Amino acid sequence: GLTTGYPCGIIESKSFDPGEGFEATFIRVDNGDSGDLSGPGDSGCPWFSGNSAYGTHVGAPTDDPNDAVYMAQNYLGYFGIRVKVA
């Protein structure tokens, strides 16, 4: 992300529900005590590994601001967004 750079984490949940008004379709990533995975300015940044796109950063869960939450790339089409392959 813009603030946190290129941190790594472990997927904790593939059906995370961030709260009222949302569906349990978000991915929660645990920092594994390796530092912040989410910071101001990271929203909208990509989640990827190598040349594979996984999703778009949306924030941090309220119970652990060091963890991160992203929207899987297959849901982006709902918003008319697509991943550009270079």
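Let me start with the lining of the largest pocket, which by class has 13 nonpolar, 6 polar and 1 charged residues. Keep in mind that this is a predicted model.

That lining comes to 20 residues. Those nearest the centre of the pocket are Pro7, Cys8, Pro46, Trp47 and Phe48. As for volume, the largest pocket has about 410 Å³. Two elements give two or more residues to its lining: β3, residues 46-49, and β4, residues 52-59. Which element gives the most to this lining? That is β3, with 4 residues.

Now to the core. The largest nonpolar core has 7 residues. They are Ile27, Val29, Leu37, Trp47, Ala68, Tyr70 and Ala72. At least two residues of this core come from β2, 26-30, and at least two from β5, 68-72. The largest share belongs to β5, which supplies 3 residues. Apart from this core there is another one, of 5 residues, including Phe16, Phe26, Met71 and Leu76.

You will have heard one name twice. Trp47 belongs to the largest nonpolar core, and Trp47 is also among the residues nearest the centre of the largest pocket. What is Trp47 in contact with, leaving aside its neighbours within four places in sequence? Among its partners are Val29, Leu37, Ala68 and Tyr70, and these four are listed in the largest core as well. The other contacts of Trp47 are Ser52, Ala53, Tyr54, Gly55, Thr56 and His57. Those positions fall in β4, 52-59.

Key: Residues are numbered from 1 along each chain as its sequence is written. This is a predicted model: local features need pLDDT of at least 70, side-chain atom pairs count only at pLDDT 80 or more; totals for chains, interfaces and linings use all residues. Side-chain values use heavy atoms; hydrogens and water are left out. A nonpolar core is a set of buried Ala, Val, Leu, Ile, Met, Phe, Trp, Tyr and Cys residues joined through side-chain atoms within 4.5 Å. Buried means under 20% relative accessible area, exposed over 50%, partly exposed in between (1.4 Å probe, protein chains only). Contact means heavy atoms within 4.5 Å. On a 1 Å grid over the protein atoms alone, a cavity is a set of points where a 1.4 Å probe fits but cannot get out, and a pocket is an open set with protein on both sides within 12 Å along at least five of seven lines; lining residues have an atom within 4 Å of a point. Grid points are joined across faces, edges and corners, and a volume is the space filled by probe spheres set on the points. Ala, Val, Leu, Ile, Met, Phe, Trp, Tyr, Cys and Pro count as nonpolar, Asp, Glu, Lys and Arg as charged, and the others, Gly among them, as polar.
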